[in-house]
Amino acid sequence: MDYSQFFNSALAHLHDERRYRVFADLERIAGRFPHATWHSPKGQRNVVIWCSNDYLGMGQHPKVVGAMVETATRVGTGAGGTRNIAGTHHPLVQLEAELADLHGKQASLLFTSGYVSNQTGISTIAKLIPNCLILSDALNHNSMIEGVRQAGCERQIFRHNDVAHLEELLIAAGPDRPKLIACESLYSMDGDVAPLAEICDLAEKYGAMTYVDEVHAVGMYGPRGGGIAERDGVMHRIDVLEGTLAKAFGCLGGYIAGNAEIIDAVRSYAPGFIFTTALPPAICSAATAAIRHLKTSSWERERHQDRAARTKAILTAAGLPVMSSETHIVPLFVGDPERCKRASDMLLEEHGIYIQPINYPTVAKGSERLRITPSPYHEDGLIDALADALLQVWERLGLPLQKKQQAAE
């Protein structure tokens with residue numbers, strides 16, 4: 001039997017639907033972000049990155065790099081195995097304490113990625129609650145969807161950010177049934193924010209637990225970078241907060257934070273934690289340095305919001321179809337997978353601008369877009385050059401612009 005035919009057929013299906021993903025070979029340069037070297041088929045070229053989730057550029061911050069180098073030099077590279085077998089190295093203990101403090105919780109638990117922390121955290125928590133009903137927002141990330149699916153519990157989907165629909169489901173479930181509400185605080189494709197205070201009100205009224213994914217908000221919002229929950233004053237009302245170290249903190253890893261008994265139960269039962277190697281000491285030290293810095297420094301957050309606002313204003317004034325967003329995410333509507341990919345290719349090849357296309361299944365068919373994420377280091381000249389390049393690409397591809405009055409509004 002020719003097994004390769006199955007894989008070739010699967011790949012052909014992606015090509016036919018214009019969903020085949022092509023990765024750019026990029027080499028970031030510390031101290032020059034958002035500039036990078038693109039190892040293109042025609043040789044090396046300088047490009048400007050406009051879609052990184054290293055939102056604040058902390059991946060190149062001297063404190064973060066210094067902490068990583070110092071720890072690797074002092075204790076070596078790997079963690080040596082799972083925490084059960086190899087022990088928990090001290091930088092990891094320090095990091096978990098820092099994360100618990102960031103969110104005002106009793107404890108936190110570190111995972112190898114934000115995907116794993118959602119997938120493992122949700123499924124383990126729900127499995128430990130008899131007859132648990134999971135109420136999940138319709139636009140939750142794939143990692144949350146997988147966590148819900150692997151829990152094996154009954155699940156119901158409430159319309160995105162629709163607290164009235166959520167309340168209907170809570171009432172129908174009855175007061176005695178255990179319930180877990182799972183949502184994100186900031187949805188990264190549209191840039192909209194969950195009504196966390198209202199969700200907490202409903203959870204308290206109808207006896208539900210709350211699990212909130214803050215991966216696109218930690219480090220970015222709140223006086224100390226605790227996320228949307230900290231900004232909105234509801235952090236203490238949320239049972240489990242989940243976050244990442246790979247975005248605003250510029251490192252790698254995911255985590256959950258909550259009361260000690262919840263965290264200890266996940267630590268004791270979760271296969272995705274028990275049977276995997278711990279994050280290396282150097283990465284933990286680097287993440288700790290990033291968190292400590294952002295707890296006291298507001299420059300990065302303020303500058304970042306300024307850059308996002310200016311990018312939105314310049315692109316909107318140019319008549320480009322900027323989708324409404326109340327956060328640092330700047331989505332640019334295309335609405336066609338082939339032209340979205342072509343726009344991305346043209347920006348990279350002809351203008352030295354790197355923005356990945358966002359197509360199905362990341363977003364719904366017909367809502368394809370370019371997702372732009374300015375950083376504190378995108379200067380005015382780079383923003384102006386982005387607008388000029390996008391206008392040229394839009395004209396070449398015959399993509400519609402907004403009417404002038406719409407841009408002014």
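At what angle do helix H7 and helix H8 pack, and how far apart are their axes? Keep that in mind as you open this predicted model.

**Stop 1: two helices side by side**

Select residues 163-173 for helix H7 and residues 196-206 for helix H8. The two pack at an angle of about 10 degrees, and their axes are 10 Å apart. Since angles under 35 degrees count as roughly parallel, H7 is roughly parallel to H8. Their crossing is right-handed.

Now show the side chains where they touch. On H7, pick Val 163, Leu 166, Glu 167, Leu 170 and Ile 171. On H8, the partners are Glu 198, Ile 199, Leu 202, Lys 205 and Tyr 206. Sorted by class, this contact has seven nonpolar and three charged residues, with no polar ones.

**Stop 2: from H8 to a loop**

Stay on helix H8 and select Glu 204, then add Arg 237. Their side chains form a salt bridge, with N and O 2.8 Å apart. Arg 237 sits in the loop between helix H9 (228-231) and strand E11 (240-244), so the pair ties together parts that are 33 residues apart in sequence. Glu 204 is partly exposed at 48% relative accessibility, and Arg 237 is also partly exposed, at 22%.

**Stop 3: a link between distant parts of the chain**

Next, select Asp 190 and Arg 369, a salt bridge whose closest N and O atoms are 2.6 Å apart. Asp 190 is in the loop between strand E8 (186-187) and strand E9 (192-193), while Arg 369 belongs to strand E16 (residues 369-372), 179 residues apart. Is Arg 369 buried or exposed? With a relative accessible area of 4%, Arg 369 is buried, whereas Asp 190 is partly exposed at 25%.

**Stop 4: helices H14 and H15**

Move to Glu 350 in helix H14 (residues 337-351) and Arg 396 in helix H15, 46 residues apart. They form a salt bridge, the closest N and O atoms being 2.9 Å apart. Glu 350 is partly exposed at 37%, and Arg 396 counts as exposed at 52%.

Then select Gly 398, in the loop between helix H15 (380-397) and helix H16 (404-408). At 51% relative accessibility, Gly 398 counts as exposed. For a distance to try in your viewer, the C-alpha atoms of Gly 398 and Glu 368 are 16 Å apart.

**Last stop: a network**

Finish by selecting Glu 98, Asp 101, Arg 224, Arg 292 and Lys 295 together, since salt bridges link them in a network. How many salt bridges does the whole structure hold? A search finds 24.

Key:
Residues numbered from 1 in each chain as written. Predicted model: local features only at pLDDT ≥ 70, side-chain atom pairs only at ≥ 80, totals over all residues. Heavy atoms only, no water. Axes fitted to C-alpha atoms, helices over the stretch in contact; angles between N-to-C directions. Helix = DSSP H or I, 4+ residues; strand = E, 2+ residues; numbered from the N terminus. Parallel < 35°, antiparallel > 145°, perpendicular 65-115°, else oblique. Left-handed = near helix turned anticlockwise from the far one by under 90°. Contact = heavy atoms within 4.5 Å. Nonpolar A, V, L, I, M, F, W, Y, C, P; charged D, E, K, R; others polar. Buried < 20%, exposed > 50% of the residue type's maximum accessible area, 1.4 Å probe, protein only. Salt bridge = Lys/Arg side-chain N within 4 Å of Asp/Glu carboxyl O.
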